[in-house]
Amino acid sequence: MALYAQAILFGIGCGVTIRLFMMRTDYRQYPTYLHGKIVHVSLGVIAAGLGSIFMPAILMKDYTAITFLTLAATQFRDVRTMERNTLLQLDTFELVPRGKTYIEGIAIAFESRNYLVIFASLVSTSVYIYGNWLVTIPVVLTIALICRKLMSGKRLRDICVIHAAPIKFINAGLYVDNIYMMNIGHPDRQHEVMEFGLGFVVSPKNFNTRHSLANLGQRQAILHDTAAALGIYRDSGTPSLSPLIKRDLQGGRVGVFILPQIRNTQRAIEVIGSVPVLENAIKMPDTN
């Protein structure tokens, strides 16, 4: 019993550590710096406890406990709903919203990370029971690397080529390179656009990438991340100062028009390249 108690505590510690390792507040500003983290750390402790108890319950032939653990684990599906509802409410107050596709990806990620914690705690507890400290430490480090690999997906720079492009007006039409963006007829607004605006062209590397860039949710994610990282020169009620992404229908390129408060072209290219490729935007019509 003492060995099982030590193994459970060790597994919980490893699971919580893994959850903290996977939690990061960056320029996307979620989870929030204190209260949002408390919620996710608490869920991580619960998930770690579930994973740690599983192996001792089997060894003690307490199959009722295993059934209870299975039912409890299914409750983590509510995490996705909680995150989705929270972010949808917050999104209505953003100058540049995330969009439903981006929010759904974040919600799925937070749900899946609790399952990773359960797996990490289960493996850590099992190794502690059957092995020793010399075996346990490298196993825990390997689990941490696996979790880091699983939580990191592709970035836009992996599937696209991004470069700065000039913005210009042809009569009242605003263009990024040769991609039409919108009409702005007011001279004062045209002056602000030319003074504060930046333009970029995102070119797909292959045919499949064209379909990902065509996804409206993926394009909205680009606008939100650039606004979150670089700021935005606009306020509510100024549609002519809204950032935009428009598609070149012939080549599949997209033109990105932003009005950042930090006018750093190289930094903007880095931010656009760091935008995650959303799972719901991935299409592979060309399998060759």
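Where is H163 found? H163 sits in strand β1, and that strand makes a good starting point for a walk through this chain.

The model is predicted, so some care is built into the values: local features need pLDDT of at least 70, side-chain atom pairs count only at pLDDT 80 or more, and totals for chains, interfaces and linings use all residues. Residues are numbered from 1 along each chain as its sequence is written, and side-chain values use heavy atoms, with hydrogens and water left out.

**The chain as a whole**

The chain contains 11 helices and seven strands; helices (H or I, at least four residues) and strands (E, at least two) are DSSP runs, numbered from the N terminus. Its C-alpha trace spans about 80 × 45 × 30 Å along the principal axes. Of the 288 residues, 47% are buried, meaning under 20% relative accessible area, while exposed means over 50% and partly exposed lies in between (1.4 Å probe, protein chains only). Among contacts (heavy atoms within 4.5 Å) with a separation of 6 or more, 76% link residues 24 or more positions apart.

**The four-stranded sheet**

An open sheet is built from four strands in the order β1-β5-β7-β6, with antiparallel pairing. Its edge strands are β1 (160-165) and β6 (244-247), each pairing on one side only. Two strands pair if DSSP finds at least two bridges between them. As a reminder, strands of a sheet pair through backbone hydrogen bonds, either parallel or antiparallel.

Inside the sheet, β5 (residues 198-204) and β7 (residues 254-258) run antiparallel and are joined by five bridges. V201 has G255 of β7 as its bridge partner, and V202 stands opposite V254 in β7. Helix α9 (residues 207-214) packs on the sheet, where it touches β1, β5, β6 and β7.

On the other side of β7, four bridges join it to β6, again antiparallel, and K246 stands opposite G255. These two strands, β6 and β7, form a hairpin with six residues between them. In the turn, G252 has a positive phi of about 85 degrees.

How many residues of β7 are buried? Five of its five residues are, so to speak, under cover. In a regular strand the side chains alternate between the two faces of the sheet. In β7, V254, V256 and I258 lie on one side and G255 and F257 on the other, and all are buried.

**Three residues to look at**

Back in β1, H163 touches F200, V201, S203 and I269, leaving aside residues up to four places away in sequence. H163 and S203 are 40 residues apart in sequence, yet their C-alpha atoms are 8.5 Å apart in space.

Two loop residues also deserve a look. N171 lies in the loop between β2 (167-170) and β3 (173-176), and has a positive phi of about 60 degrees although it is not a glycine. D177 lies in the loop between β3 and β4 (179-183); its phi is near 60 degrees, a positive value in a residue other than glycine.

The table shows how each of these residues is classed by accessibility.

| Residue | Relative accessibility | Class |
|---|---|---|
| H163 | 33% | partly exposed |
| N171 | 73% | exposed |
| D177 | 27% | partly exposed |

N171 counts as exposed because its relative accessibility is 73%.

Conventions. Axes are lines fitted to C-alpha atoms, for helices over the stretch in contact, and angles run from 0 to 180 degrees between N-to-C directions.
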